[in-house]
Amino acid sequence: MRKTHIKGFALAAAAVFGLLACGSSSSSSDTTAAAAPVTTDAAADYSMLKVAVVYIGVPDDKGWTYQHEQGILALEAELGITVKRVTNVPEGDEGEAIMEGLAAEGYNLIFATSFGYGAPMARVAVKHPEGCFEWATGAKFLLTKDAGGEFATFGDVPANLGTYFGAAEEARYLSGIAAGKASKSGKLGYVAAFPIPEVIRGINAFTLGAQSVNPAATVQVSWTKTWFGPDTEKQAAESLLAAGADVLAMHQDTTATGLAADAKGAKWVGYSSDVSEAAPNAWLTAPTWNWGPYYIKTAKSVAGGTCPADEYYGSMADGMVTLGSFGSSVDADTQALIATKAAAIIDGSFAPFQGPVMDQDGKEVVAAGAKPELLDLLGMSYFVKGVIGSPKG
Amino acid sequence: MMRIPFRVVFEQRGETPRRLSLLVPIASVLAALCFGAIFLLATGYSPIDTYSNMFRDGFASFNGITDTLALSTVLICTGISAAFAFQMNLYNIGGEGQLYLGLIGGAWAGIALGDHLPTLIMVPIVLLCGALAGAAWIFVPALVRSRLGTSEIVSTLLLTYIAASLIKHVIYTPGSFFRNPNTSFPQGRMVADSASLDSFGSSRLYPTFFVALIIAGALYWVVRRTEFGYRIKVISDSPRAAHYAGINARRTTMWVMLISGALSGLAGAMLIVGPYGKIEPSIITLGYGYAGIVVAALARNNLGLIIVSGILFSGLRVGGNNLQVTTSTPIHIGVMLQGAILLFALGGEAFRRYHIHVVRTHVAPAKKALS
């Protein structure tokens, strides 16, 4: 009897852990009361606009969702509306049911902030042609049969679905300059989540930035195969430090890399949020996102009767991508250099992947003076010269 | 030292009264709802509004009930997977990992064989391959449990983490058979059209729902009416008696665990022929295999009741998901209720198995303790 009881308990514990794991952990911050309208356009009428945002996590994660929440707060303040937040939404079928519920409740502009919401959102968009659907980090061709979706051709993808993302590589390049200047050994490390084009692009841009001030700089990559895994990220960071890296960059959702770098007296380039307070001594800077302008522009467009259904790719020029604050160890000369490069990126006279760019084997992938096409950037699957590691994971 | 003048006595019941079999699960759900109501009240939400919204969005609207039945398709399978093993005191809590293998087995069949065969043959093959993959994943735990008595709780649970890594591996490795070759984005490769079913009308409900019902019914019959079922009952009641009766407990253990693994694998394959059509890495965040444990506990491992508890639990989850949409209630209320139901269902077991009564202890004149 006793044995059975112990098993029963283990069983209950396992099941409860399972539930907790699938329900995600941290507490939900509830819909914030709308801030008073600051610059409400007297002529504009936003009463027909019902905006909802679908979050993969919670708004206070100090990372990806937090940055989107800042954008949504800006939208609320600008238009004087209240946005419906739905948090911890699973991808797949259950997410589809939630988005369909939102459309049925009359929400006519829905933002979904994770890659995995694409196919479910497209199905809801077909059923609700009156709504406008916006898929962050998405790419419409992925919804076609060829690319693993369910629409026969690109033309069949619903016209009330748009995507939005941005050229984080621009800010990655600039953060690479700060890292290249800060490194004494010329050995940089990069804690990276998954071997997908978005992450590979960031690693390459960071490397090119570092090499622009230290041509011999190398970047060693450690894959964690998780977006959010403080322990795994910490282990990856420590292994890079043990291999001699004195500056670490990352494509992760937690500050574990920064804390590990700080403990060893190394420097740290963050990502997504400007969280220098996590490790002020290690902090150099971070590529960050500013979603507010896009949310405001899109909401105004929908209020005016047009659903922006294009594939929006923001940049530093329109402010969707920004560079965070500088840590105390980034000297004035470096800051000035970064500012010059930033100005050149914004006015279009310079691009991070401006040729010549060589891949790991020394083969030229971008010819001298050329700039790669957007589609080549979006599908990037090679590492540039100087990156140590495999782009295959 | 003060003595408490009564004590609680747990007296094991010989036979569970029939009324209790039904009463305890209902009371468990009600108790969980009351428990949830305390938190709702404490955080300023009306329990009555919350629960009526959950009921409406989970059961009483077209999308609600079809989504509930759609989710229950998977949860009934993982539920009977858990219950079928639990009833023989074999605690397969790795249904989650066996489900992942079902995805892999099903997707393999759908991709490799799909173009050559019609739907009527292809869909059963996909389901079968998923079931076989799930059974294969539990083979080693079953073997060491039946031969050496190694705890299946630990082995099946740990294998789940390996299965999750396997799913990530087949999707994130460039050139993987299961990965879509047409794009550098890590996407699963779609199975052939002949290996996927259409949902009913505008709903998300697939014909696999009826397969789940038939399998639940068939296993109920196997357990109640066949010699195999009788052997399971004898072994679970008294392994020693089974030994004297000449029942080969090793072989029965092996079969029960393999069938349990196959049922979770089947659940994974149902996701392939149904809503997903490919290995979708986010499935590993959904916890359908773990939820099967709750479904089984709620039905007290009664294979007939699994259908009811599977639908009930699915409705709570679908309704809970929608709470955020129609109200401002945080999603955690739904998740907390699911956990509370499990704990109360397990707690309710005590009332079903034992006659519990309070006995007054005779307060004897205090004796001086000898030191």
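Contact means heavy atoms within 4.5 Å of each other. With that in hand, let's explore this predicted model, which scores ipTM 0.83 and pTM 0.84. Local features here need pLDDT of at least 70, and side-chain atom pairs count only at pLDDT 80 or more, while totals for chains, interfaces and linings use all residues. Residues are numbered from 1 along each chain as its sequence is written, chains are lettered from A in the order in which they are written, and side-chain values use heavy atoms, leaving out hydrogens and water.

**The sheet of chain A**
- Six strands (DSSP runs of E, at least two residues) make an open, parallel sheet in the order S2-S1-S3-S4-S5-S12.
- Strand S2 (84-86) and strand S12 (311-314) of chain A are at the edges with a single partner strand each, so one side of each has no neighbour in the sheet.
- From one strand to the next, the twist averages 20°.
- Strands pair if DSSP finds at least two bridges between them; S4 (residues 132-136) and S5 (residues 161-166) of chain A are joined by four.
- Glu134(A) stands opposite Gly162(A) in S5(A).

**A helix across the sheet**
- Helix H4 (residues 118-127) of chain A lies across strands S3 (109-112), S4 and S5 of chain A.
- This helix H4 of chain A runs at about 170° to S4(A), with angles taken from 0 to 180 degrees between N-to-C directions of lines fitted to C-alpha atoms, for helices over the stretch in contact.

**A look at Gln211(A)**
- Gln211(A) sits in helix H6 (residues 197-213) of chain A; helices are DSSP runs of H or I, at least four residues.
- Leaving aside residues up to four places away in sequence, Gln211(A) touches Ala217(A), Lys385(A) and Gly386(A).
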